[in-house]
Amino acid sequence: MVLFVNKSKVSEFGKFVYRVTEKIISREKSRNNILSVIIYGSLVDEGYVEGLSDINVCIVTENLVRDLYSLKSILVYRFWNQYKRKLSPEVFPYIVFREFYIRGIPLPVIVVKSGFPIKTDSAIIDLKRREYRCGDLSLYYSLCRAVRELSFSISFFLKRDIAGGIRFLQHSLVHALRSIIIAQEKRVPCTINDILNQLKKMNKDELSNLLSLVTTMKKNAFRLEKSLKRKHLSLRANNSIIVALKKTYNVISLAWRLVGINLVSYEELTNILDKIQATEIVMRCHNNNPILEAYDKNWQYHRIPLFTH
């Protein structure tokens, strides 16, 4: 079900993260302070689905956290024990967070512009007033995230985790649409509503309708999973979920064409997966070009470009 979490609960989550983080970094020999703890993502974007969505939190520290892996692992573990919800923490030293924001990397822009601050230093407040610039880094961040999230979606579908697949399908589509807006409008839309409003201004009704459809699918993900759980979910099927997957892939292809790269067609992608009998896959960027990495049933590794010359 979709959960509209009230601000007091969001604040409680953030304060818990702050207390645990403060306790951990206080053990470090070098002096460090927490500048900001900001909740962002679906929890503050009215798209949080109980039992499916993560709780996204960004922590900005004065200096580099020396044992970042331990901090994030402990946060995830302690948060689950306390709230039985999955936490997805991002941690940045201020100098890195500031530089990423100025360069228009979507994640810090989204955190600063639309996040729910639990603790905020004056330096972060100053960033909110400062303009960022959208360039290749902004664009390729979203393009590459769109490809990667789609591979997660496909992997979940192949494992018959329908709800998980739908979740990452929506993430992929959001990144793809954000990249189109960045390329054409030179701005980072921070929320689902921002994206829908901007697409409307650009007269992209078909794209906005697809986003509304996939977002509704995410809200009903567990019901859809229940209806399809006993059926074999082929990537060539003609049900509503796979149709949405194909359309999302086509949007990603459209976005990549804006930087002069032609992706293989959806049919070619499914042919590749069938040919190698992939059991584990990830699609990512290498030198700003999309590639597929996969293991087959014999655990043989395959690396295949996803673009045509």
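Trainee: Let's start with the strands: how many bridges join E6 to E7?

Mentor: Keep in mind that this is a predicted model. E6 covers residues 278-286, and E7 covers residues 289-296. The two strands run antiparallel, and the number of bridges joining E6 to E7 is eight.

Trainee: Which residue in E7 is the bridge partner of Arg284?

Mentor: Arg284 falls in the E6 range, residues 278-286. E6 and E7 run antiparallel. Across in E7, the bridge partner of Arg284 is Ile291.

Trainee: And which residue takes a positive phi in the hairpin of E6 and E7?

Mentor: That hairpin has two residues between the strands. The positive phi there is near 55°, and the residue that takes it is Asn287.

Trainee: What about the other side, in E8: which residue is the bridge partner of Ala294?

Mentor: E7 pairs with E8 (residues 301-305) in the antiparallel sense, over five bridges. The two form a hairpin with four residues between them, and Trp299 in the turn has a positive phi of about 60°. In E8, the bridge partner of Ala294 is His302.

Trainee: Is strand E7 largely enclosed or largely open, and how many of its eight residues are buried?

Mentor: Buried here means under 20% relative accessible area. E7 is largely enclosed by the rest of the structure, because the number of its eight residues that are buried is six.

Trainee: On to charges. Which residue does Arg167 meet in a salt bridge?

Mentor: The structure holds 10 salt bridges, and this one has an N to O distance of 3.0 Å. Arg167 lies in helix H7 and its partner in the loop between strands E1 and E2, so the pair ties together parts that are 113 residues apart in sequence. Arg167 counts as buried at 12% relative accessibility, and its partner is buried too, at 10%. That partner is Asp54.

Trainee: How many residues apart are Lys159 and Glu280?

Mentor: Those two form a salt bridge, with the closest N and O atoms 3.6 Å apart. Lys159 is exposed at 52%, whereas Glu280 is partly exposed at 33%. Lys159 sits in the loop between H6 and H7 and Glu280 in strand E6, so you can read the pair as linking distant parts of the chain. The separation between them is 121 residues.

Trainee: Where is Arg236, the partner of Asp274?

Mentor: The side chains of Asp274 and Arg236 meet in a salt bridge of 2.5 Å, N to O. Asp274 lies in helix H12, 38 residues apart from Arg236. Asp274 is partly exposed at 47%, and Arg236 is partly exposed at 43%. Arg236 is in the loop between helix H10 and helix H11.

Trainee: Now the largest pocket: which element gives the most to its lining?

Mentor: About 980 Å³ of space lies in that pocket. Of the 40 residues that line it, the closest to its centre are Tyr40, Asn56, Arg145, His171 and His175. Several elements each supply at least two lining residues, including E3, H4, H7 and E6. With nine residues, the element that gives the most is H6.

Trainee: How many charged residues does that lining have?

Mentor: Sort the lining of the largest pocket by class. There are 17 nonpolar residues and 11 polar ones, and the charged residues number 12.

Terms used: Residues are numbered from 1 along each chain as its sequence is written. This is a predicted model: local features need pLDDT of at least 70, side-chain atom pairs count only at pLDDT 80 or more; totals for chains, interfaces and linings use all residues. Side-chain values use heavy atoms; hydrogens and water are left out. A salt bridge is a side-chain nitrogen of Lys or Arg within 4 Å of a carboxyl oxygen of Asp or Glu. Buried means under 20% relative accessible area, exposed over 50%, partly exposed in between (1.4 Å probe, protein chains only). Two strands pair if DSSP finds at least two bridges between them. On a 1 Å grid over the protein atoms alone, a cavity is a set of points where a 1.4 Å probe fits but cannot get out, and a pocket is an open set with protein on both sides within 12 Å along at least five of seven lines; lining residues have an atom within 4 Å of a point. Grid points are joined across faces, edges and corners, and a volume is the space filled by probe spheres set on the points. Ala, Val, Leu, Ile, Met, Phe, Trp, Tyr, Cys and Pro count as nonpolar, Asp, Glu, Lys and Arg as charged, and the others, Gly among them, as polar.
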